[in-house]
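Work through the exercises below with the structure open. Try each task before reading its solution.

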Amino acid sequence: MYKNLYTDRLDSEVIDSYFKLDDIAEYVSSPNFIALAEQSGYQRKVPGVHNHFMDNLMYLREVGLPSNKHEQFNFSNLNKLKQLDILAKQSQYDPVDALERFEWVAHQENSIVINDSVILTSMDLGTKKPFGIQILDNVKFNKQKQDEYIKIIEPTEDFRNLTYAITPFTNVIIFPTGSKKRYYNKPLNLYYENSTQDPILEANTTIVDVQYNTKVKLKENVKAQAGQMNYVTYIVREDAELEINRSTLDCGGWALFDSRFVCHPGSKVTINFDNQGSKYSQENFYFKCSSNVDVNVKGRNNILSGNEYHQYVLVKSQNDNNKSVIDIKNVGREHANTSFVGKFDVSPYSIGFDGEMNNNNLMLTKDTKMHTRPILDIHTKEIECSHGCTISNINKEHMYYLQSRGFDKDSAKDILVESFLC
Amino acid sequence: MLKLANYSVEPVLQGLNIEFDIGRTYIVMGSNGVGKSTLLHSIMGRPDLDVSGEITFNGQDISEMEVDERAKSGMFVGFQSPTSVPGLSNFQFLKQALDTKGTEIRATLEKFKGLSHSLGLPDGWDKRNLNTDASGGEKKKNELIQMQMLNTQLAMLDEPDSGLDVDGIKALSKQLNEWRTADNTLIVVTHYEKLIESLNPDAIIVLKKDHVVGGGKELAQRIFAEGFESV
């Protein structure tokens with residue numbers, strides 16, 4: 001969407017030109033662009049959506065892009081991210097080509113490709129059946145509902161503003177109450193993919209709504225061949241349960257993945273993820289917990305040589321008896337750069353909060369950079385909270401033991417890495 | 001089989017000259033801190049030890065060989081506290097170490113199960129994580145299984161009896177006696193009289209601060225009666 005917005009305006013000047021994130025943020029929040037958006041009538045069909053989008057652009061203009069001073073970017077290599085070349089080249093990227101590229105999804109089961117704010121589903125999801133998934137997108141437009149959902153998107157001081165600014169249309173995936181465990185026994189596969197390997201930027205703003213008393217499992221595959229900015233809001237309603245298994249491969253591009261969870265009373269969220277890092281990769285998890293919410297975050301990240309990987313986990317406990325376990329392990333190979341910032345933010349009204357935060361890091365070489373920062377921001381007394389964050393090297397005694405059984409150094413290291421991540 | 005000449009490991013062992021012959025069993029004794037474990041691990045090539053002098057195995061100079069190369073040439077050291085590796089089962093570990101593939105896997109597993117059963121290890125031991133959530137005795141028994149399965153020619157065991165119960169020690173001596181042949185060599189660090197008796201060693205080696213005392217079984221008896229000062 002960015003390339004379309006951008007190139008529509010600047011026409012031939014931008015063909016084959018490279019830009020930086022700052023340029024893009026500056027442009028999409030400039031008076032020129034805002035006027036253009038007004039004029040061309042983005043979201044014109046839904047006045048509420050339109051206004052919300054305009055407000056976001058104004059806010060982005062006011063706050064700009066985040067810096068390392070922001071908590072979630074304390075240790076991340078933002079300069080590297082902002083210096084990446086982003087290609088604005090329109091002519092090559094015909095939307096029909098993109099559709100053909102993802103045609104394979106039609107023949108899958110329970111599968112959705114999310115590409116540059118467009119949703120492509122497998123054929124079985126396209127057929128209307130009772131308690132099936134409902135999708136609100138460009139095709140199945142529902143003004144009233146879209147207007148309702150868009151209000152959930154909040155102005156923030158991180159990259160979510162920019163993601164939303166370049167994808168004004170938000171896709172909504174709804175798991176209705178009556179589907180019960182249907183999408184738990186047969187998980188929904190979500191593929192976040194770029195349509196090209198050229199260094200363009202594609203963005204997706206998505207809302208996943210798991211309705212009352214429903215149990216859902218998502219299998220997310222993130223493959224950033226180019227640049228990818230994802231902003232997904234998961235609404236987990238009363239007594240609903242959401243389990244996400246997310247795998248992010250290094251496909252040569254870069255990715256920012258913001259996951260925001262709005263957890264209603266009695267809900268449960270489990271997210272298991274693994275990541276290999278990339279030129280720049282950042283996963284942020286924001287949990288807003290009402291009461292009696294159970295949040296489990298388990299990450300096992302094996303960051304490949306030279307890659308960047310940064311993560312921020314914020315659990316905001318607003319009311320009674322919430323429970324959260326954060327358990328993240330990172331392995332950093334040669335010249336890898338990783339950071340973890342985890343925060344429990346417990347409000348004065350959140351009695352009985354039970355939180356456990358663990359982040360363990362294994363540095364495989366001296367050239368690896370790893371940071372860890374646990375933050376417990378507690379505003380009430382009656383809680384149980386603990387944290388344990390470590391950064392260590394490969395244990396020489398363990399290496400020696402494996403070598404004494406005939407494993408060479410590389411195999412021994414691989415075994416110890418697997419063992420660490422298990 | 002293994003020859004040490006003017007062999008030193010700083011700062012504990014100085015100028016040792018010992019020859020371990022093929023087909024024989026040796027017991028290594030010595031007071032605490034004299035360097036018994038250090039001797040075994042230096043022979044295995046532990047990288048953080050400062051070793052000088054000559055070391056040959058089967059006539060080959062192994063001083064420059066890496067630990068894994070020494071292991072592949074037939075050397076085995078049993079640890080006092082074997083390392084835990086969660087996420088890797090006891091059998092997977094051995095399978096990978098032996099690089100067992102295809103049809104050989106079943107036979108290897110059968111052998112593994114047979115050995116673990118004879119050592120009194122519980123059913124499903126093959127699937128348990130390597131040295132994780134195991135008692136000290138179970139870990140020691142696991143070391144014995146590894147020793148027997150890894151085509152060992154020279155076994156060096158560091159206090160294999162520690163942590164074993166009465167039945168465990170019986171099983172240990174039975175296994176070691178069965179394993180011994182004319183083609184392999186056993187070096188055991190132990191101060192357990194009954195184990196020494198049951199192994200019926202060819203020689204007792206007593207490590208002293210700057211020299212070695214060698215002798216027959218009577219040397220061990222004298223030490224048990226009068227202490228290390230007597231030799």
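**Exercise 1. A strand pair in chain A**

Which residue of β16(A) stands opposite A:F287?

Solution. The model is predicted. Start with the two strands. β14 of chain A covers residues 281-289, and β16 of chain A covers residues 308-317. They pair in the parallel sense, over eight bridges. Now read off the partner: A:V315 in β16(A) stands opposite A:F287.

**Exercise 2. The sheet around that pair**

Give the strand order of the open sheet in chain A, and find which strands stand at its edges.

Solution. Step one is the order: β5-β6-β8-β10-β12-β14-β16-β18-β20, nine strands with mixed pairing. Step two is the edges. β5 (134-136) and β20 (369-378) of chain A each have a single partner strand, so one side of each lacks a neighbour in the sheet. Step three is the turn. Ignoring direction, neighbouring strands of this sheet are turned by 10 degrees against each other on average.

**Exercise 3. One side of a helix**

Which residues of helix α2 (residues 21-28) of chain A are buried, and why do they lie on the same side?

Solution. List the buried residues: A:L21, A:I24, A:A25 and A:V28. Then check their directions around the axis. They cover an arc of only 95 degrees, which puts them on the same side of α2(A). The spacing fits a general rule. An α-helix has 3.6 residues a turn, so residues three or four places apart point the same way.

**Exercise 4. A hairpin in chain B**

Describe how β11 and β12 of chain B are joined.

Solution. β11 (residues 203-207) and β12 (residues 212-215) of chain B run antiparallel, joined by four bridges. One bridge links B:L207 to B:V212 in β12(B). The two strands form a hairpin, with four residues between them.

**Exercise 5. Two helices in chain B**

Classify the packing of α5 (residues 136-149) and α6 (residues 166-179) of chain B.

Solution. Take the axes. They come within 11 Å and cross at roughly 10 degrees. Angles under 35 degrees count as roughly parallel, and α5(B) and α6(B) are therefore roughly parallel to each other. Next, the contact. B:G137, B:K141, B:L144 and B:Q148 in α5(B) meet B:G168, B:L172, B:Q175 and B:W179 in α6(B). By class, this contact has three nonpolar, four polar and one charged residues.

**Exercise 6. Between the chains**

How many residues does each chain bring to the contact?

Solution. Chain B brings 19 residues and chain A brings 15 residues. On the chain B side, α2 (67-72) and β7 (85-89) each supply at least two residues. By class, that side has twelve nonpolar, three polar and four charged residues.

Methods: Residues are numbered from 1 along each chain as its sequence is written. Chains are lettered from A and ligands numbered from 1 in the order in which they are written. This is a predicted model: local features need pLDDT of at least 70, side-chain atom pairs count only at pLDDT 80 or more; totals for chains, interfaces and linings use all residues. A residue is buried if 20 or more other C-beta atoms lie within 10 Å of its own, exposed if 12 or fewer, and partly exposed in between; C-beta atoms are placed from the backbone. The arc is that of the directions from the helix axis to the C-beta atoms. Two strands pair if DSSP finds at least two bridges between them. Axes are lines fitted to C-alpha atoms, for helices over the stretch in contact, and angles run from 0 to 180 degrees between N-to-C directions. Angles under 35 degrees count as roughly parallel, over 145 as roughly antiparallel, 65 to 115 as roughly perpendicular and the rest as oblique. Two residues are in contact if their C-beta atoms, placed from the backbone, lie within 7 Å. Ala, Val, Leu, Ile, Met, Phe, Trp, Tyr, Cys and Pro count as nonpolar, Asp, Glu, Lys and Arg as charged, and the others, Gly among them, as polar.
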